[in-house]
Amino acid sequence: MKEKTYAVLNGPNLNLLGVREPHIYGSQTLEDIEESCLSWSEKRGIRLLWMQSNSEGALLDFFHKHRLLLSGAVINAGAYTHSSYALRDCIAAMPFPVVELHLSNTAAREEFRHVSRIAPVVRGRIEGFGGAGYLLALEALERIL
């Protein structure tokens with residue numbers, strides 16, 4: 001049996017967490033959230049791969065490179081959620097479940113954020129819980145695997 005390996009992918013502008021619109025996204029940095037997730041995974045003996053990119057292509061390349069290694073993934077695709085058919089098609093091609101994650105409640109925000117291009121191909125969505133949503137998404141992966 002292969003080692004359980006999850007990935008957490010973060011899209012554009014998430015590297016600015018803690019300073020970018022803290023009234024919407026909170027004061028935690030992406031590094032703070034990563035530390036929490038790594039601690040969670042270590043306690044469970046799960047290998048966790050973490051990445052952030054402002055480039056759509058880098059997110060696609062990560063999925064392609066690790067598609068046979070991963071047991072599951074969490075993605076906070078940022079604005080690509082609402083615009084990327086390429087990311088949607090990529091996720092649909094993966095042989096493992098993917099959980100969509102958003103720090104804020106997208107339904108309570110601007111109209112363009114109400115449509116997720118990736119929602120039809122992910123296993124489920126978690127949104128509106130700030131940085132705690134990352135741990136909720138990882139717990140969801142654990143429960144469905």
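In the predicted model, helix α3, which spans residues 56-66, has L59, L60, F62, F63 and H66 as buried residues. These residues cover an arc of only 155° around the axis, which puts them on the same side of α3. The general geometry of such a helix helps to explain the pattern, because an α-helix has 3.6 residues a turn, so residues three or four places apart point the same way. The face of α3 that is turned away from the buried side carries the exposed residues D61 and K65. On the buried side, the residues of α3 pack against three strands, namely β1 (5-10), β2 (47-52) and β3 (72-76), and also against helix α4 (85-92) and strand β4.

Helix α4 can be described in a similar way, with L87, C90 and I91 as its buried residues. Seen down the axis of α4, these buried residues fall within an arc of 95°, so they line one face of the helix. The elements that cover them include α3, β3 and β4. At the N-terminal end of α4, S84 acts as a cap, with a side-chain oxygen placed 3.5 Å from the backbone nitrogen of A86.

Strand β4, which comprises residues 98-102, contains E100. This glutamate is buried, because its relative accessible area is 0%, and a residue counts as buried when that value is under 20%. The side chain of E100 takes part in a polar contact of 2.7 Å with the side chain of H102, and a further polar contact, at 3.0 Å, links the side chain of E100 to that of S116. When residues up to four places away in sequence are left aside, E100 touches I75, T81, S116, I118, A119, V122, G124, R125 and I126. S116 therefore appears both among the residues touched by E100 and as a partner in one of its side-chain polar contacts.

The loop between β3 and α4 holds H82, which counts as buried at 10% relative accessibility. Apart from residues up to four places away in sequence, H82 touches F112, R113, V115 and R117. One of these residues, R113, is also found at the largest pocket, where R20, Y25, G78, A79 and R113 are the lining residues that lie nearest the centre. The lining of this pocket consists of 16 residues in total, and by class it has six nonpolar, seven polar and three charged residues. The volume of the largest pocket is about 190 Å³. Pockets of this kind can be found in a model because rolling a probe the size of a water molecule over the atoms shows where empty space is left.

Another loop, the one between β1 and α1 (22-25), includes P12. This proline is buried, with a relative accessible area of 11%. P12 touches Q52, S53, N54, A77, A79 and Y80, not counting residues up to four places away in sequence, and among these A79 is one of the residues nearest the centre of the largest pocket. P12 and L59 are 47 residues apart in sequence, while their C-alpha atoms are 9.9 Å apart in space. L59 is, in turn, one of the buried residues of α3.

Two further residues of the loop between β1 and α1, N13 and E21, were examined for their backbone angles. Most residues other than glycine have a negative phi. N13, however, has a positive phi of about 70° although it is not a glycine, and for E21 phi is near 40°, which is again a positive value in a residue other than glycine. N13 is partly exposed, with a relative accessible area of 34%, and E21 is likewise partly exposed, at 32%.

Helix α2, formed by residues 30-44, contains E31. This residue is partly exposed, because its relative accessible area of 45% lies between the limits of 20% for buried and 50% for exposed residues. E31 and P95 are 64 residues apart in sequence, and the distance between them in space, taken from C-alpha to C-alpha, is 28 Å.

Conventions: Residues numbered from 1 in each chain as written. Predicted model: local features only at pLDDT ≥ 70, side-chain atom pairs only at ≥ 80, totals over all residues. Heavy atoms only, no water. Helix = DSSP H or I, 4+ residues; strand = E, 2+ residues; numbered from the N terminus. Buried < 20%, exposed > 50% of the residue type's maximum accessible area, 1.4 Å probe, protein only. Polar contact = N/O pair within 3.5 Å; in protein donor to acceptor, adjacent residues only side chain to side chain. Contact = heavy atoms within 4.5 Å. 1 Å grid on protein atoms, 1.4 Å probe; cavity = no way out; pocket = protein on both sides within 12 Å on 5 of 7 lines; lining within 4 Å. Points joined across faces, edges and corners; volume = space filled by probe spheres on them. Nonpolar A, V, L, I, M, F, W, Y, C, P; charged D, E, K, R; others polar. Arc of directions from axis to C-beta.
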